[in-house]
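Work through the following exercises with the sequence and the model at hand, and try each task before reading its solution.

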Amino acid sequence: MNWRRLIAPRALFWWGLLAVTWGLSSTSFQLYKAFDARWIIRFPKAWELPLETWISDAMRWLLEDATFGLFTFRELTRFISAIIEVPYDVARAALADGFVQGQGSNAVEIAPSLSWIAVIVIMVVLGRVARDWGLALLVGVCFLYLAIFGQWGSAMVTLASVVIAVPIGVAGGLALGILSFRMPWVERALRPVLDLMQTVPVFAYLVPILFLFGFGPVAALVATVIYAMPPMVRVSTVALQTVPPEVVEAGQMAGCTKRQMMWKVLVPSAAPTLMVGVNQVIMLTLNMVIIASMIGAGGLGFDVLSALRRLDIGGGIEAGLAIVVMAIALDRVSQAFSTRLPAEVKGRDLSYVQRHPWFATVFAVVVLTYIAGLFVPTVQDYPDAATLTTSAFWEDAMRYVNVTFFDTFEAIKDVFLTYLLLPVKRFFTGIPWAWGIIAAGLAAARVGGWKLGVMAALMTAFIAANGLWNKAMITVYLCGVSVLIAYAIGVPLGIWAGQNARAHRWVGAFIDTLQTLPSFVYLIPVVMLFRVGDFSAMIAVVLYALAPAVRYAAHGMRAIEPEMIEAGLVSGCTRRQLLWRVKLPLAAPSLLLGLNQTIMLALSMLVITALVGTRDLGQEVYIALTKANTGQGIVAGLSVAFIAIIADRIVSAMARHSKESLGLA
Amino acid sequence: MQRPLKMVCRNVWKLYGPDPAAFLRTHPDPTSDQLREGSMIGAVRAADVQIGQGEIFVIMGLSGSGKSTLVRCLSRLIEPTGGEVLFDDQDLLAMSEHELIQLRRKKIGMVFQNFALLPHLTVLQNVAFPLDVQGVPRPKREARAREMIETVGLKGREDYFPRQLSGGQQQRVGIARSLVVEPEIWFLDEPFSALDPLIRREMQDEFLRLQGLLKKTIVFITHDFDEAIRLADRIAVMKDGRIVQTATPEELVMNPATDYVAEFTHHIPRGKVLSLRSIMSPGTGDGPYAGDLKSTDRVADVADRVEAADRPHRVLDADNTPIGTVDGRAVIDVLIGRKASA
């Protein structure tokens, strides 16, 4: 490291900016008293934009008066509900509730749901087809766990949502991806929308959806699909664009029509990449299905949520583990499909059953368990008597941990709060809004040019003008501290993993598992150990946002040309010099990209931690959700998105500079 | 050697830059300076090519010389900015998309540098792909594909996937696929460049064997001058988008048009390229002679015989008329690269 760079003239700008900000932040209260100018610390009420009311009014108009001539907007939403509800009901009946005829107490069951044995067999076969018996075993154990530990019913409700949301998300994403591949203007139009979709916190669009579709599984599914689709759009576009041009030319020279080119050449050639998108859709769906339990999706998410609300430690952990187990199983299977090689060709003279042994097995098991289930209830439903519950165990374990380590935990928490969280919080919340706008503009302009500066200033002004300055600063402070800690833990881990093959395997497995977990799950142990508050929120955010810091650091290390390292070695570098003078400078762009991703994940998690009692923008969205106040939700959601966009653009610009200076751009 | 023309391209241009068509309209024959001023890149400049029926026409150039762009203009994978491309006297550039698809389905085959096999299809399905696209029923297209697979020597590997084959085998699949529709013109875009030198040699022999069987009209792209010399009936040498010289290998070696072409010909073993016609002393006396040789014989092939004889050999024309004589010294001049003694 060259410390002299810190006092170079280029750095003076940043020191100056920091000093002025710090000065204003620590004296803003005195300034307000001295000049009796309350506007310094509070955005004047009279200037606030009535945006919330406008949006809410617009939504009401949309729902009550809007019409497209032939049909009204409300009829449109009902129509969408209906086309989602029908398949969802079938899936739910097949997996969880059984098929019934009639309503309420007159309902007669005409066919039971798939027996637990059949579902497990289907999953095992999927695992075997996707890769091998090892994966099949893993998947089998995961689903057996759900049955044995009494989570089967809820898990199947969740699975039903996944089964419906994933195909819609994949098909929709692929369709939009194909459109933007074919027509560049569609891609240009979609890009900002996708950017916004991925930065607006999930809670924020629960609000309008709740308003449009009402409380219930359909609203939850709509929210889920909206949340899970954007990555599929991007992956599809990129996958189609990266089909080698020669392959496309080979298709042209064979005389393919446009349609043949798409379905016989492009899509099949892009299939492995597309499967990566499908995997993402599945994981996001699972993540969202759980959050969406707030607007009416039942299942495991609902169990966790209500356990959290009751502070039912054991129940929460049990349901949380069930989600983890299911997430791991679905993740591994869908990942295996994306790396799967086409099967060997079987002889043509075999019978249908011989050519499709797995399908035949599944079919046989489903029929057999159906028949057997009519006579032996154990086959149909896993016997309650044989379920185990770990609830009491977890309860005791937590109690023991809390009793034994209470003082330790409190001490750790106090240290963090006193020396890190509170000072930083005071710094950020003290910044007068007017200076905040200027500072954001200056910083962005310095890094990315005056256009970026103006954009950052306008976005910051939007936040202030909606009376959200204070809450936004709390978001920035919590996010900043969490990112700092996640980065301080993650980068060394990544550097270690990047230089050591065995470490790479272990750290990789650990990070993969962390990333498989739905964001909701992180809240459970944190709340159990540290109760509600900023500190708990910080820990949950750090855990959730750790993955990209590690991953990008490791990638940056591994992507360094071996020749560069050899050049360092023959120049006589020690190991330490090699790391600081050769590897880290070369990995800088990668590290910055990792920082960017860490910030994005931290922000998305931060909003969810509103559930454990932060007082930031997340809380604002959460309040809007409970009051079904669309305007409030959207404005607060946009504010979070703007913070994310400013951070993203600034860090990306830094990464770009660093790439250019290394000649890699 | 006059052949009927299969493909002709006249004054073909391919420019990249802002509104290249308008630029070419205002500057019908832009110089390098004009191109630079208009911030245009001239990928192909004023290309004229005439390819005869059954000819192996090689386009040779280093990377960035525009040879791949030119062959893509000929097959209309790239839309030329200006000029004419005729295939069997039909204007290729005026064809509708539908006509073009029909033409490619029936009459054109193409082999690619990196094979461009479809990863999700087996060897059999890959070779049958062009027929599949045309809607040929499965038994018929598979029978035809099997024939082609056997022709390129991959029988027994019909059910392999591309990833299970070596590079040379993959290119054999690419060749089989391009020939499965029995095309009239066969484009090969650096087909052997991605292969190891030994395999490349083997594939060149295979290529010559196939051509001996099939007698296609061929446009072959390469950056390897040795390969060009070995395979070509005629060679077009390209540099910076322009065709510098179009000639038979022998003419190229004997009379390189520019220093650039001469650079390539320097290290070529002349004996393998030159025929007796170009080194003989014209006119025949009464003899006696050690024997008769054909004027098309390559010097290297007859060197032993000529050198061992104590008298000159007589050189005969295609219709066996004696047209000149050749002695040991002339042969040695060629073999050791000495300027011919007058």
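The exercises below treat the chain contact, two helix pairs and two sheets.

This is a predicted model, in which local features need pLDDT of at least 70 and side-chain atom pairs count only at pLDDT 80 or more, while totals for chains, interfaces and linings use all residues. Residues are numbered from 1 along each chain as its sequence is written, and chains are lettered from A and ligands numbered from 1 in the order in which they are written.

**Exercise 1. Describe the side of chain B that touches chain A.**

Solution. Begin with the contact criterion, by which two residues are in contact if their C-beta atoms, placed from the backbone, lie within 7 Å. On this basis 21 residues of chain B are in contact with 19 residues of chain A. Next, assign the residues to elements, where helices (H or I, at least four residues) and strands (E, at least two) are DSSP runs numbered from the N terminus. The elements of chain B that give two or more residues to this side are α4 (97-107), β6 (108-111) and α5 (123-134), and the largest share, 4 residues, comes from α5(B). Finally, sort by class, with Ala, Val, Leu, Ile, Met, Phe, Trp, Tyr, Cys and Pro as nonpolar, Asp, Glu, Lys and Arg as charged, and the others, Gly among them, as polar; the side of chain B then divides into 12 nonpolar, 6 polar and 3 charged residues.

**Exercise 2. Characterise the packing of α5(B) with α6(B), and then that of α8(A) with α26(A).**

Solution. Axes are lines fitted to C-alpha atoms, for helices over the stretch in contact, and angles run from 0 to 180 degrees between N-to-C directions. The axes of α5(B) and α6(B) (residues 138-151) lie 9 Å apart at an angle of about 120°. Angles under 35 degrees count as roughly parallel, over 145 as roughly antiparallel, 65 to 115 as roughly perpendicular and the rest as oblique, and α5(B) and α6(B) are therefore oblique to each other. Among the residues that meet are B:V127 and B:L131 in α5(B), and B:A145 and B:M148 in α6(B); the residues of this contact divide into 8 nonpolar, no polar and 4 charged.

Turning to chain A, α8 (residues 202-213) and α26 (residues 617-627) pack at an angle of about 20°, with their axes 9 Å apart, and α8(A) and α26(A) are therefore roughly parallel to each other. Here A:F203, A:A204, A:L206 and A:V207 in α8(A) meet A:V621, A:Y622, A:A624 and A:L625 in α26(A), a contact with 8 nonpolar, no polar and no charged residues.

**Exercise 3. Which strands stand at the edges of the sheet β6-β7-β8-β3-β9-β10 of chain B, and how do β9(B) and β10(B) pair?**

Solution. Two strands pair if DSSP finds at least two bridges between them. The 6 strands form an open sheet with mixed pairing, in which β6 and β10 (242-247) of chain B stand at the edges, each with a single partner strand, so one side of each is left without a neighbour in the sheet. Within this sheet, β3 (residues 56-61) and β9 (residues 234-239) of chain B pair in the parallel sense over 5 bridges, and B:M60 has B:V237 in β9(B) as its bridge partner. By contrast, β9(B) and β10(B) pair in the antiparallel sense over 5 bridges, with B:M238 opposite B:I243 in β10(B). β9(B) and β10(B) form a hairpin with 2 residues between them, and B:D240 in the turn has a positive phi of about 50°.

**Exercise 4. In what order do the strands of the 4-strand sheet of chain B lie?**

Solution. The order is β2-β1-β4-β5 in an open sheet, and the pairing is antiparallel. Strand β4 (residues 82-87) of chain B is joined to β5(B) by 2 bridges, and B:L86 has B:D91 as its bridge partner in β5(B).
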